[in-house]
Amino acid sequence: MPASPSPRPIVALRGIGKVFPGVIANADVDFDLLPGEIHALLGENGAGKSTLMNVLTGIYRPDSGAILMDGKEVAFASPVEAIAAGIGMVHQHFKLVRAFTVAENVHLGWKETPRLASKSVLEARTRALSERYGLAVRPEARIDELSAGEQQRVEILRVLARQARVLILDEPTAVLTPAEARVLFKALRAFKDAGNSVIFISHKLDEVMEIADRVTVLRGGRKVLTETTENCTTTKLAQWMVGREMVLGGLREAIVPRSEAGRIVLALDHVSASDDRGRKGLIEVDLPVRAGEILGIAGVAGNGQRELSEVLTGIRRPDSGRILVEGVPLDDPSPDVFLELGVGHIPEDRIKSGIAPSLPISDNAVMRAYGEAPIAHGIFFSPKAADALAKQIADDAAVTIPSLRTPIRNLSGGNQQRLVARREMRIARLAIVAAYPSRGLDVGAISTLLHYLIDLRNQGVAVVLISEELSELFDVTDRIAVMFKGRVMGLYETKDADLERVGLLMGGQTQQTEAA
Amino acid sequence: MALHFVRSPVVSSARALTARVIGFVLALGLGALVLGIAGFDSLHLGRQIIVKSLGSQFGLEDLGLLYTPLLLTGLAVTVMARMGLWNIGADGQFYLGAFVTTAIGLFIKGPEPFMLVLMFFAGAAGGALWILVPTLAKAYAKVDEIITTLLLNFVALLLVYYVATGPWRDRVSGTTASTGRVPYKMPDFFGSLHWGFVIALAAPILFALALRYTKWGYEVRLSGANPDAAHYAGIPVRRRLITIMLLSGAIAGIAGMLEVAGTVHRLQGGISNNYGYLGVMVAVLARGSALGVIAGAFLMALILNAGIILQTQGLTTSAVLALTGLIMLFTAIADQFAHYRLVRPRAATA
Ligand SMILES: Nc1ncnc2c1ncn2[C@@H]1O[C@H](COP(=O)(O)OP(=O)(O)OP(=O)(O)O)[C@@H](O)[C@H]1O
Ligand SMILES: [Mg+2]
């Protein structure tokens with residue numbers, strides 16, 4: 001953005017304040033969105049980013065302050081009114097109707113939806129929209145068949161179809177593959193070039209530097225500053241977010257060198273498993289996991305990682321092959337068996353299987369410990385002991401909690417993730433399977449999390465780290481396996497692995513495979 | 001800008017209660033108005049209802065006898081709602097409980113306390129048995145429980161009609177629509193109000209305590225809130241679903257048992273008095289809370305009792321039914337309205 005006299009903002013927030021029982025989510029926030037800009041909103045987990053956007057789109061009513069659109073004060077009673085005025089939001093957790101098709105979701109609750117329209121009409125209209133905005137979707141597909149990236153395109157299409165001038169994206173790239181992210185960025189640039197504006201929430205600072213024109217940083221619910229991206233560096237951004245110098249890194253140094261390879265504690269032997277749609281998810285996978293190592297699983301999301309993590313923790317039963325624990329095959333792998341063995345699991349889809357959003361924080365925090373003392377006494381369950389443990393987990397995870405009785409869905413996305421990660425690390429005596437554990441976490445929290453995983457490894461726990469961030473994998477793992485289309489394409493000692501080759505394998509190109 | 005409504009997703013319980021009271025009063029007001037136009041003395045009718053149901057021992061006894069089965073059927077539906085399931089078949093399970101109780105009472109001889117205990121457990125088993133097939137169909141084949149439980153109501157009704165007018169017909173008094181008198185009866189403690197009332201009142205409290213203070217209760221809450229998360233936590237979700245459905249059926253069966261052994265003392269075609277269906281309404285009023293059932297069932301009992309009183313005052317059953325519907329409708333509307341508040345946008349500060 002040129003620094004010359006700025007045009008009138010499309011949206012201006014003035015002194016926005018929002019308080020929840022026990023939490024100040026936003027305090028006195030000013031925010032300007034100019035026409036034709038991509039404006040990033042940054043801040044630590046729980047800084048109030050999602051809340052501010054929920055206030056703007058009428059999900060919450062601000063306790064103080066005003067919202068101006070094109071200079072006129074507005075107050076949206078609901079997101080429906082916001083979208084009618086041209087402001088559309090795609091949430092951190094998608095809000096599509098899973099049993100409906102793409103075309104039906106795009107047309108749901110839209111006043112321009114033709115009455116009594118047939119399926120084919122809706123699908124044709126959706127196809128036209130998809131071409132107009134350069135967002136490839138399959139109009140006839142059901143939502144629950146779609147990858148996260150496809151679902152997100154549907155959400156965006158829903159918003160754009162309603163002639164939005166302002167598009168708000170809450171952590172859009174957290175669940176996208178790098179390729180899907182590139183497609184998204186292209187669409188965003190096209191949208192912006194047409195004179196529209198985007199508010200972009202993300203924890204990935206590189207990405208923010210790449211896509212945003214200006215950045216606003218929030219800390220503890222208050223605005224720190226707004227700056228043009230040209231005047232920012234990732235270091236500076238991180239510093240503004242936490243309010244002090246941040247010491248990141250030091251990961252490699254924390255890894256205690258091994259003299260010899262640890263014993264194999266968990267192993268897959270020729271394991272095949274189906275995915276939710278009954279197709280082959282894992283094919284003939286052999287994977288030994290050793291005590292005291294971090295085994296990285298590289299690969300583009302959706303290539304069998306979910307099935308792998310679920311088979312390794314008893315949630316999904318293999319169709320064939322054996323799962324061995326300390327060399328002994330399990331004849332009845334089920335989640336409680338793995339719990340007993342001390343295998344933690346940070347699941348890929350936290351909302352779907354990691355937590356019960358409507359239950360209190362306390363109930364969610366004790367999911368792995370409710371069956372033992374001090375929470376259980378015989379058949380009894382002690383809410384008081386549960387609260388005490390929940391409090392401890394929250395403290396360890398550095399999450400401030402207004403009340404243990406509030407439903408966990410009221411926590412910020414990143415704070416939910418922190419709690420789940422701590423809960424699982426607590427029970428990981430033998431192993432932990434961490435699927436994309438840094439999703440939704442701020443930079444500081446990612447560093448803390450990786451340090452904790454290294455600590456576990458140093459104590460002799462086997463750590464399986466599934467990630468799409470190659471840099472993260474190369475930073476902390478001892479060995480790296482690459483997955484493609486349900487197969488393990490190769491297994492390397494990280495120190496001998498070559499970034500280039502791993503990248504090629506992730507794309508399915510094999511010249512030679514070697515095993516470590 | 002004009003005033004407008006803003007919807008807030010969460011409602012404090014004080015607000016929800018206030019809205020309901022207002023809704024209730026409005027429904028009564030509207031009902032009174034219509035009755036007034038139709039030539040009734042609404043004030044007099046209202047006074048009659050209050051005096052007759054709350055102002056005398058007889059009134060309170062009647063109220064208690066209506067309250068008892070509603071507590072249990074409301075709880076039965078609520079128990080299953082905790083797992084995200086609808087038991088529309090509480091009426092059928094009620095019939096089965098009553099049927100089994102009568103069978104035992106008519107054909108087995110024994111000391112009364114022993115017989116009552118036997119009837120209690122048999123009634124529970126009868127109700128549980130009646131939901132067994134829907135339970136297994138749900139647990140193993142994901143068959144929708146709403147349809148299966150509902151359909152079995154008609155089977156139970158026919159069964160009871162058949163035995164009450166056929167093989168078990170009362171041959172002593174010569175009535176054609178009911179069985180003979182069951183010789184064992186629940187002891188009374190307040191006029192005609194029997195100890196079944198105390199059992200029915202204790203049941204929701206026990207269930208609420210079990211949900212909060214037992215491991216099983218925690219597992220049920222988690223399984224109901226998110227089955228995938230419960231599976232992930234190592235909980236046998238299917239087994240919990242089966243126990244919950246059978247428990248729900250058993251509770252409705254106990255309602256039937258108490259109705260025979262405590263209130264009616266014989267089996268007859270209309271013995272369920274729609275308590276099973278009314279239980280669904282009670283559960284809706286209670287919004288999934290076991291303790292809410294105590295309040296919801298009380299309101300429902302008051303309405304039913306008022307209906308009976310109004311009939312003695314010359315109103316037709318359909319008028320009474322319309323009035324009942326009006327109250328339910330206004331309560332539902334009030335529940336929605338509790339989410340909204342009127343706001344006046346503040347003046348611009350920029
Ligand atoms: N409905 C709610 N009820 C109570 N507290 C809430 C509610 N919504 C948000 N909060 C609290 O407000 C604070 C800000 O949350 P918000 O979701 O805006 O954070 P965020 O900046 O989006 O964080 P993240 O990066 O983790 O998504 C948090 O402490 C959160 O617990
Ligand atoms: Mg957020």
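This dialogue reads three features of a predicted model, namely a ligand site, a whole chain and a single serine.

Trainee: Which residues come nearest to ligand 1?

Mentor: One begins with the shell of residues around the ligand. Here that shell has 21 residues, and A:Lys49, A:Ser50, A:Thr51, A:Ser412 and A:Gly414 come nearest. By character the shell divides into six nonpolar, twelve polar and three charged residues.

Trainee: Which elements of chain A each supply at least two residues of that shell?

Mentor: Strand E2 (23-33), helix H1 (49-56) and helix H15 (413-427) of chain A do so.

Trainee: What lies opposite the oxygen atoms of ligand 1 at A:Lys49, A:Ser50 and A:Glu171?

Mentor: Here one asks whether backbone or side chain supplies the partner atom. For A:Lys49 the partner is a backbone N or O atom, 2.8 Å from an oxygen atom of ligand 1, whereas for A:Ser50 a polar side-chain atom lies 2.7 Å from a ligand oxygen. In the case of A:Glu171, an N or O atom of the side chain is 3.4 Å from an oxygen atom of the ligand. Taken on its own, ligand 1 has 640 Å² of accessible area, and the protein covers 91% of this.

Trainee: Turning to chain B, how many helices and strands does it have?

Mentor: Chain B has 14 helices and four strands. To judge its overall form, one compares the radius of gyration with a rule for globules: the value for chain B is 22 Å, close to the 20 Å given by the globule rule for 350 residues, so the chain is as compact as a globular protein of that length. Along the principal axes, its C-alpha atoms fill a box of roughly 85 × 65 × 35 Å.

Trainee: How much of chain B is buried, and what supplies the area that it exposes?

Mentor: Buried residues make up 49% of the 350 residues in chain B. The chain exposes about 15900 Å², of which carbon and sulfur atoms supply 71%. As for its contacts, among those with a separation of 6 or more, 79% join residues that are 24 or more positions apart.

Trainee: Is A:Ser272 buried or exposed?

Mentor: The reading rests on relative accessibility, with buried meaning under 20%. A:Ser272 has 6% relative accessibility, and therefore counts as buried. This serine, A:Ser272, has its place in strand E11 (residues 264-274) of chain A.

Trainee: What does the side chain of A:Ser272 reach?

Mentor: It reaches the backbone nitrogen of A:Glu284, at 3.0 Å. Leaving aside residues up to four places away in sequence, A:Ser272 touches A:Leu282, A:Ile283, A:Glu284, A:Pro318, A:Asp319 and A:Ser320.

Note on methods
Residues numbered from 1 in each chain as written. Chains lettered and ligands numbered in written order. Predicted model: local features only at pLDDT ≥ 70, side-chain atom pairs only at ≥ 80, totals over all residues. Heavy atoms only, no water. Near = heavy atom within 4 Å. Polar contact = N/O pair within 3.5 Å; in protein donor to acceptor, adjacent residues only side chain to side chain. Areas by Shrake-Rupley, 256 points an atom, 1.4 Å probe, with all protein chains shown as cover. Nonpolar A, V, L, I, M, F, W, Y, C, P; charged D, E, K, R; others polar. Rg over C-alpha atoms; globule rule 2.2 N^0.38 Å. Buried < 20%, exposed > 50% of the residue type's maximum accessible area, 1.4 Å probe, protein only. Contact = heavy atoms within 4.5 Å.
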